[in-house]
Each structure stands twice: as structure tokens, then as C-alpha cells.
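Please open the model in your viewer and keep the selection panel at hand. The tour proceeds from one selection to the next.

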Number of protein chains: 4
Amino acid sequence: MRTDIFVKKNTMKRITLVMNCPDQKGIIAAVTNYIHGNNGNIVYIDQYVDRVNSIFFMRVECEIAENHQGIEHFKTNFIDSIGNEFQLEIDIYLNNALPKMALFVSKYDHCLYDILARYQSGELAVEIPFILSNHLDLKNIAERFDIPFYHLPVSKENKKEAEQKQLKLLQEHQVDFIVLARYMQIISKDLIQHYPNKIINIHHSFLPAFPGAKPYHSAYERGVKIIGATSHYVTEELDAGPIIEQNTTHVSHLNSIDDFIAKGRDLERIVLSKALQLHVARKVMVYQNKTVVFS
Amino acid sequence: MRTDIFVKKNTMKRITLVMNCPDQKGIIAAVTNYIHGNNGNIVYIDQYVDRVNSIFFMRVECEIAENHQGIEHFKTNFIDSIGNEFQLEIDIYLNNALPKMALFVSKYDHCLYDILARYQSGELAVEIPFILSNHLDLKNIAERFDIPFYHLPVSKENKKEAEQKQLKLLQEHQVDFIVLARYMQIISKDLIQHYPNKIINIHHSFLPAFPGAKPYHSAYERGVKIIGATSHYVTEELDAGPIIEQNTTHVSHLNSIDDFIAKGRDLERIVLSKALQLHVARKVMVYQNKTVVFS
Amino acid sequence: MRTDIFVKKNTMKRITLVMNCPDQKGIIAAVTNYIHGNNGNIVYIDQYVDRVNSIFFMRVECEIAENHQGIEHFKTNFIDSIGNEFQLEIDIYLNNALPKMALFVSKYDHCLYDILARYQSGELAVEIPFILSNHLDLKNIAERFDIPFYHLPVSKENKKEAEQKQLKLLQEHQVDFIVLARYMQIISKDLIQHYPNKIINIHHSFLPAFPGAKPYHSAYERGVKIIGATSHYVTEELDAGPIIEQNTTHVSHLNSIDDFIAKGRDLERIVLSKALQLHVARKVMVYQNKTVVFS
Amino acid sequence: MRTDIFVKKNTMKRITLVMNCPDQKGIIAAVTNYIHGNNGNIVYIDQYVDRVNSIFFMRVECEIAENHQGIEHFKTNFIDSIGNEFQLEIDIYLNNALPKMALFVSKYDHCLYDILARYQSGELAVEIPFILSNHLDLKNIAERFDIPFYHLPVSKENKKEAEQKQLKLLQEHQVDFIVLARYMQIISKDLIQHYPNKIINIHHSFLPAFPGAKPYHSAYERGVKIIGATSHYVTEELDAGPIIEQNTTHVSHLNSIDDFIAKGRDLERIVLSKALQLHVARKVMVYQNKTVVFS
């Protein structure tokens, strides 16, 4: 059994396979054999076994012939050949296809500027179909970077309706994932269910310390000597989703709440952009409300 | 008004003044003037104002004449001259007097080894009158370093009695402060009241995340990407006392709970020994369940 | 002797005094007394003594009456009263006066974007009279942020002339200090002498390791496990000026030179912006090719 | 072709395979297949390709039957089966065999204490046949931990002879690798050639900055804001061998040279012990004066 996906031609393209299955003997040999046996060239392999839960995770980057019959065809053959035998769940991506990332913001501009600068310079390999906000404060930044801006105010009264509009926008633009770049609204259950593990938030504390509103104020009150930031996938429980990336920095009694906020901005920028890079590179795998993050 | 404490003689000694008072104009000028006017030489000055609560803090190291009439005499004169006027609370220490530090341990040896190595090399300027434990596991380490070891098992039945023995030991040895170097027992209210802000604990999480037992297990369950350690003064509320020092390190999905524990040991060693250094140098001031830590 | 600078009126303004002198007894008392005696209110005081070289440094923030006779008048009185006696060198600044900062760039945009975002949000309290570049690549960014852009190509032939034009621009715009935000040209001795300790560079290594060109390549060759960035004042010796701020991050064998460069960009952003904040707040004092940096 | 090493029995043991070869297609499949085909169970796999030099590296931990015919037998079969075809260089280790580690020290005790505490607690899985020193200062520490201590003074006159004695001791005790825990003597070319990539040094700077003697003094002179420590394999060029692990910490103008040294001690402890852990776990592979360090 072989697919023509790997038939050697002049040019090659790269694909990424992300998979997991119950841990079992021979799984690595089976996958590497299959790719090798079909003229694929493994460029990078990452694997991990959660021994407590006996789950096997693997991410493989490989080069394949340019003119194959398509990802879907390959996936079907792969599953027929070894997927079913090993109960594999697998996703396959073309490395040069840019995912579509929607940005939700409110009034804070530091994460937005940071993301747009990385996007502009090519450091962040995505398309940004639009920026959405419940306020008008950051409209001019969107304009500066020539990105469509949608103003969608949210109040108690129109919350349901506003979410319907959000969903419509996301679907019309075929958005792949959403970034809450300090978007100060709680995302509805309905929207989360449409984008499971595809909504990335930046929370301004080292979770699980200080979930919810005003974490810098709480950190100041408690007299901590470190503050942090956490990027995680949004789940229905507030600030309790799978953590992608965290970082911390030192503070002292000299620092006011405003200093906490200013230092925190640098943390938030770094942590969120790192999480986005990892997500875009398909290096994050979610299970049991935790993440496997290949480096 | 002047005291002879500062009269220049051949040799000088160093003292440290630690004070706080309601914030008010002229306090720095008054203190520096007083010392200067009495032939003292200010070596180092640290000051901080909590503007929210209008409290002024200062720590001054200065050189004074060797043959003065004593710390108590100086303190009396200082208070008569400016202390009362500014409502100053003040403590004065001779820099070369070694504080007496009691060590409470249970079964983990990493913090104990680290402290004893620093003590032995002179890095930690204290006397260690004794090591106390509710277990016998670390007795041989105490013997290796020629430090008296008291085995004081604690059970539900004898808890009251055991604490009385602890207190007696502490008082007999004129202990200045106590270090809980992974001592796995909760300290009683009574003992805490005898040593307010003089019992230093190391907790193996970045508080306020994961207080109480088994924080590394909880951190693993939550899937955090950083773990931490916190050194704090013990108060009646568990793991909620004023924080002296914290630090964190990165972990990943690759790390098992045992890895968390191993990485944590390095954090605990560094954080606790830093907190001890700061406490011994009289650089930590406590108020409103927070600390001012001069550097 | 007193000046009317401190006469209490309805409103107050803040000034910052930055001074140094040979270390001597009573200097702190003299300065704090003078300010207190003239109705000034000390808000923050930082002091440091280099005991090896016997130099005293102090930075004082204080509140003074709004309608004083001006900084220059105050300075004169201060010098007459105590400055001469203690051989003080002193600079005095009005806290709410924005310094004028010129930006020199070439082709890399990451530091430029970062600085402009912080400028735009008010986080960086400066005026930016212009951006100057030897290339046209970043012109559109300047336009996006509505900041004048000067294109001044530099070649071996026109170097002298180009520098004259730079100097003219700087003087016309009354520039206070210059930031080399990855400006890929060596600054001439002449320009440096016009702006001593006022030209801030970001170098992409942890100096003194890897000075000069292509430090990330050299770091990769050497197989280091950490890379760094250094912000320093420009002096005539290349990459050897007084260091303001440094930071490092971990790398591994997995990281290619491109990864080093990408990780380095985040370091450069953070290190340069921190150095700018410190410089703007007058917290950096230079002597003997080193810096005192108050926190 | 199969070996009986993998024949399933009641109990299993773990072995670690460390290999490298010219990069080529199918190598991962070949190795994993071989192990799988011989009833081995791959527990952990790490792989890396240096694309610049086209070298493939792999480290595999796997479980094999307890009663196999021995490592050497397995190695022979492995090489016959696939080793020659792929030009593999391979080392194979029994995971539960403790390597013999000799400690060379001079007068500083902090690294020695740290290593011995980790050794004593089982954190560092080695045997320590002896501690060797050119001074007597640390003899009592060796005695405290019941480890043989050899005093071997080194002078210009007896250097050759002293090295012969060192070599004899090392060989008599079948030492696997040597740790220079702040041993203040330069190791001779002859000794290095007997233990290539098996002598681990801790240098008290972030190399390549400040090689040679008194790096903390040089760092202080230069006015750096970070100091570091580096653990590396010893080669003939001083402080220029392959780097295993590095770390840094912040310093400021407040820190004297003594403070640098004290802060550095904590770095040295952490960096050296991390390097030892990595070496003992066979996670460090050396080529072209650089290291691949699996995590």
C-alpha cells in the first residue's frame, strides 16, 4: 500500500502531521516506516508519551513531492494503512498555508501593536482577516496597518445578538483561530463550542493565581515578589483552560500597581506572541485540559 | 543633645538602624542630621515611602566609635531627640553580632544541606544553636556538621506538649529566629505569637497559587508551564504570611511530578537562602502582611 | 540662604536632581537639609557610594512650588549654598518636560515598532522630532506614525558630508539624545563628542562577548547556550561604552542562526526600551565607563 | 537477523543508545524498526539533525529483557544489522549502572558541598571513588561524607610527576569522568587526551566573555549588568571546550566584587550540577566543539 504523495519530483513541499493514540509498542516504527516507504523525507520528529494516561503524541514534519494528490487523499491512505490499526487521531497541514487569525481587542493597544509588528515583518505567519472590538479606541491602529476593523459594542441587552454577529463574521472570513488580545469581554459558551481549542487568551497573571478581573491589583495587595502572564485556550470555565505559555518577572515593594501594569505589558506581549507562534506551527496539542507543547 | 556614641576613637564599629513612622516632611533630614551631628558616618541608606498608606521606612548603616555607651543608650537618646517627634519605631543592631537561628526539619535534606554549607563557609552569618526534627532521618547530617540535634516527634496526642518543649528549647538557647527548612508540621498559634515575623518558611509553590499540601502535584494536574517557590514569614493563616522572596522556573509536558519536585528543590534552596540572607541583614520590614525588602 | 523655589503655593511641580561629588561625611544631611529648609518635599531619594573610588552619587525627586523663579535660578542658589563646599556636580530637570529623542534606523523594524508603540501609548515620555535612516525600507512605518523621516544614505565617499547633515538636523531639532535602533553604521568621533553619553545603542550580544558584526553568527559557531542583548552609551571604542541594561535568554542546539536572530529580536526590544525608560527618567549616571542605574 | 537481547522475560531492564551518523533518509525508521523487531520497547526517543553539516543524532531509551547476552553482544548485532549500512557511531549504556566520577577541588567548597549533597540524597546517580585536591582545605568535608581524599600538591617542579599520579589514581579506580569543581589548576594535554569529553569544568563567567583567571573582577571592571557561569568539557585550549550548560543572573552598580562572587556561587552550583545530570543521563553529545543536549 502506498500513495503517490511521496513520488519524487523536482520540487518538494513540507507537511506537518500531528497525531495521538493510545500508547502501544511499535507506533514510532510504523509511522516512520510508512513515511519512508512512500518516499517521504522526515525533517523533524517530536514525540511524547504520557505514561500516567498511556497516550502517545507525535508531530512529524516531512518533505513530500510537490504534485501529490492532496492532503485529504494522503490522510485517507495513511488512516487506511496504519491509522485504524493504532486508533490514531491525525491532523495534517501544509506548512506554507497561512492560517486565518481574527483579533479581538478592547482598549489596550500593547498586544495589538506587538502582534501587528510581527505580522507585518513576516515573523508571524498568518493572515489577519479583521480586527474586532467592542470599543472604537484602537480603530486608528487597524487603519494604520490596513486591516479591516469591525466595531461591535457589547452590552447586557445586545450580548446574544452581538455574539451572533461575531460568529457570522468569523464564518464569512473562514477564520481558523481567534486571539483575545486583551479583549475585555467574556466569550459565550456558544462561540467557544464553535472554536474548541482555537480561541487563545492572554491573562495577566501566573494562573492559577489571580484569575478573573484586576489580577495586578490582587497581586499588589498580596505583596507578591513575582508577577506573571499566561496564555491559554479559552474554555467555559473562566481562566481555567489549557495553558500554552507562561512567564514571570520580579517586582518589589518599590513597584506601584501602575508599575505592575507596565511590567506586565512586556510579559503579556512576549507570552502571547510565543503562544501564537507555537499554535501557528502546530506545536500545541491539547488533552485533558493540559497541553503538550513541542519546542 | 548629643550622645557620646559617635565620639571618634581609633576603631569604629558598624550599626544598622531600621525604622518606620508616619510619612512627614523633613524626616530624612532629621535622621541624617542627627547621625552626622553626633560624629556618625552614614555608610548606606535605604528609604521607601508607601504613599497609599503614608508610611515612611528607612534602613541606615553607619559607623560609630568603638567605645560608645551601648546600643540601648544610643537608642534612648535617639528616641528622646527625634524619635518621639516623628513617632518613630526603631530597632538598632550591632552588625557583627550573629543572630541565633534554629532549624526545624523533617525528612527532606536539600534545604538543610544548603543552609549548613553556607553556614559552614561563613556565607550565612548566624549561629545555629540546634536542629530540631519530628523525625530521625536527618540526625546524621546534624552530626556531620557538629550541630546539636533534638528529636521531638509530634502526634495528635502530644502536640501541645511537644510545642511546650519546642518553646522551652528556643528560649533556653535564646533563639532569635526560626527557619522551617521543609518542616512538615503546622506551627501552633502560640509559638507564632512568641516569634512574630521571626519564623521563616519555604513553601514549594509560587504563592498564592497552590497553598497547602502537595503543591507540585496540583501544579502538575493544572498543567502549568512554570513552577515556583516562596519564602514567607509564618502567620496564623496557612501559607498566607508576608512574602520575603519568590522565584520560578520553567517546566514542560516532558516533566513528571518527580521532575517538578527535583527542579523545585533547586528553587527552594535558592529562595530560602536568599530570604535568610535578607532577614539576617535586617533588610526585611513587615507591615500590613507585606514586606519592604531593601536590596 | 534660601531660594523662593520652594515657597508653598497652591500647586506643586516635581523636579529631579542628579548629582555626584567626592564622598565625604555629611553630604546626605546637607542636601536633604537644604531642600527641607527651603520648603521642598523630598519624594524619592536614591544614593550610592563607590567606595573603591570614593565617589558619592545621589538622585532626588522633590516637589517644589509651581511659581518658582526657574530651574537655573534654583541651581545657582543650590551651588552657592552647598554645591561648592562639597564639589558637587549637579543637573536639575523638570519632570514634566519631554526630552527630544531622535531615532536612527536602517532596515530592521522590530525595535522601531516597539519604540513607536510605547511612544504612541504614552509609556515612553519623549518627543520624537524625526526618524533618520540610511535606507528607505522603514519610511512607511514613519509615515504610519506621522513622524518626519529623513533619508540620508551613507557611503565611503559621502560619510563626512552625511555626518554634517546629521549634526545639522539634530541641532535644528534641539535633540536631547539619540537612539540607534539597529542603525547599521558606525557613528563618527565628531558626532559622539557632540552627544557624550547621549547616544544609546542596542547591541545584539551579551557584551563583552561578541562585539562587532554578526554576533548571532559567532554565538552559533561557539555553541553557547545563552544569547543576550546589551544597551550601552556609544563611545569611540566600538561596543565598549558604558552598559545601561543587559538581558539573556536560553538557546539550544535545536536553534538555527535564524532562531537566534528571532529570539534575539525579543531581547533587543525589551533591553532597549528598558534602557530608554531609565535614561528618560534620569536614572542613569555615567562615570569611568560604567553606569550607576537607580531602580 | 535478531538478537536475544529483546526476548521477553519476566523482568525488563533499561538501556540507552546514543548514536550519530551522516544524515540520510530512513535512518529513524531503520533504528526504530530494528528495536521493535527484536521485542524492544522504545520508552523515549530524541533526535536531531544538524542540517548545516548533515549529521544525524539520536538518543533512544528502551526496555529490554533482563537476561540478554550483554550489551557488547547487542552492540555487535546492532552494528552488523544496520550500523555499517548507515555508518553509525553508537554507544550503549545500562541505565542502572552508576558511572564513576572523580572530583578535583582546590579551596572553594560551594560546588563540592552541592555535589555531595545531591550525591548523598541520590539525586546524582554516580559513584564517587575519590576527591583529589592540591590543597588540604577541603579534606574535612571529604571525611564528613566518608569519601577518600587524596592530597596531591602541584608545583612547577612536580607538575609532570603529579599528573602521573593523578592518571594512576584515575585508572586504578576505573574512573569514567572527572569533575573540576573549582579546581584551580590547568589540566595537562596528556590527561585531557586520556579523558576526551570526559572532564567537566565549571567556569565562573558566561563564556566566551571573560575566559581565564579572575572573571568576576573583569566583569566588575567592565560594568556588566549580568554575570554568568558556564560548564564545559575541557579541551586543550583554555575555557574554549564544548559548552554543556550556561546561566546568568542580574547584577547592578550596588554589587561589589564580593557580591559578584557570592551571586556567582549560586550560579556555579546550579550550572555545574545541571551539566553533571545531563552528562550522567548520556544526554550530551559532542561534535565540532559544540554539544547536542537532549532535554
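The stops below begin at a single residue and then pass to a contact between two chains.

**First stop: a residue in chain C.** Bear in mind throughout that this model is predicted. Select residues 257–280 of chain C, which form helix α8, and find C:Ala275 within that helix. Is C:Ala275 buried or exposed? Its relative accessible area is 0%, so C:Ala275 counts as buried.

**Second stop: its surroundings.** Next, display C:Ser231, C:Ile244 and C:Glu245; C:Ala275 touches these residues, when those up to four places away in sequence are not counted. Then select C:Ile192, whose C-alpha lies 18 Å from that of C:Ala275, with 83 residues separating the two in sequence.

**Third stop: where chain D meets chain C.** Now show both chains. The contact draws 32 residues from chain D and 32 residues from chain C. About 2,700 Å² is buried between the two chains, and carbon and sulfur atoms give 56% of that area. Select D:Arg222, D:Lys225 and D:His253: of the area that chain D buries against chain C, these supply 26%, more than any other three residues.

**Fourth stop: polar pairs and contributing elements.** Between chain D and chain C there are zero salt bridges, whereas 17 residue pairs are in polar contact across the interface. On chain D, select α7 (215–222), β11 (243–250) and β13 (290–293), the elements that each give two or more residues to the side touching chain C. The largest share of that side, seven residues, comes from β11(D). Finally, colour this side of chain D by residue class: 17 residues are nonpolar, nine polar and six charged.

Definitions and conventions:
Residues numbered from 1 in each chain as written. Chains lettered and ligands numbered in written order. Predicted model: local features only at pLDDT ≥ 70, side-chain atom pairs only at ≥ 80, totals over all residues. Heavy atoms only, no water. Helix = DSSP H or I, 4+ residues; strand = E, 2+ residues; numbered from the N terminus. Buried < 20%, exposed > 50% of the residue type's maximum accessible area, 1.4 Å probe, protein only. Contact = heavy atoms within 4.5 Å. Buried area = accessible area lost by both parts, 1.4 Å probe. Salt bridge = Lys/Arg side-chain N within 4 Å of Asp/Glu carboxyl O. Polar contact = N/O pair within 3.5 Å; in protein donor to acceptor, adjacent residues only side chain to side chain. Nonpolar A, V, L, I, M, F, W, Y, C, P; charged D, E, K, R; others polar.
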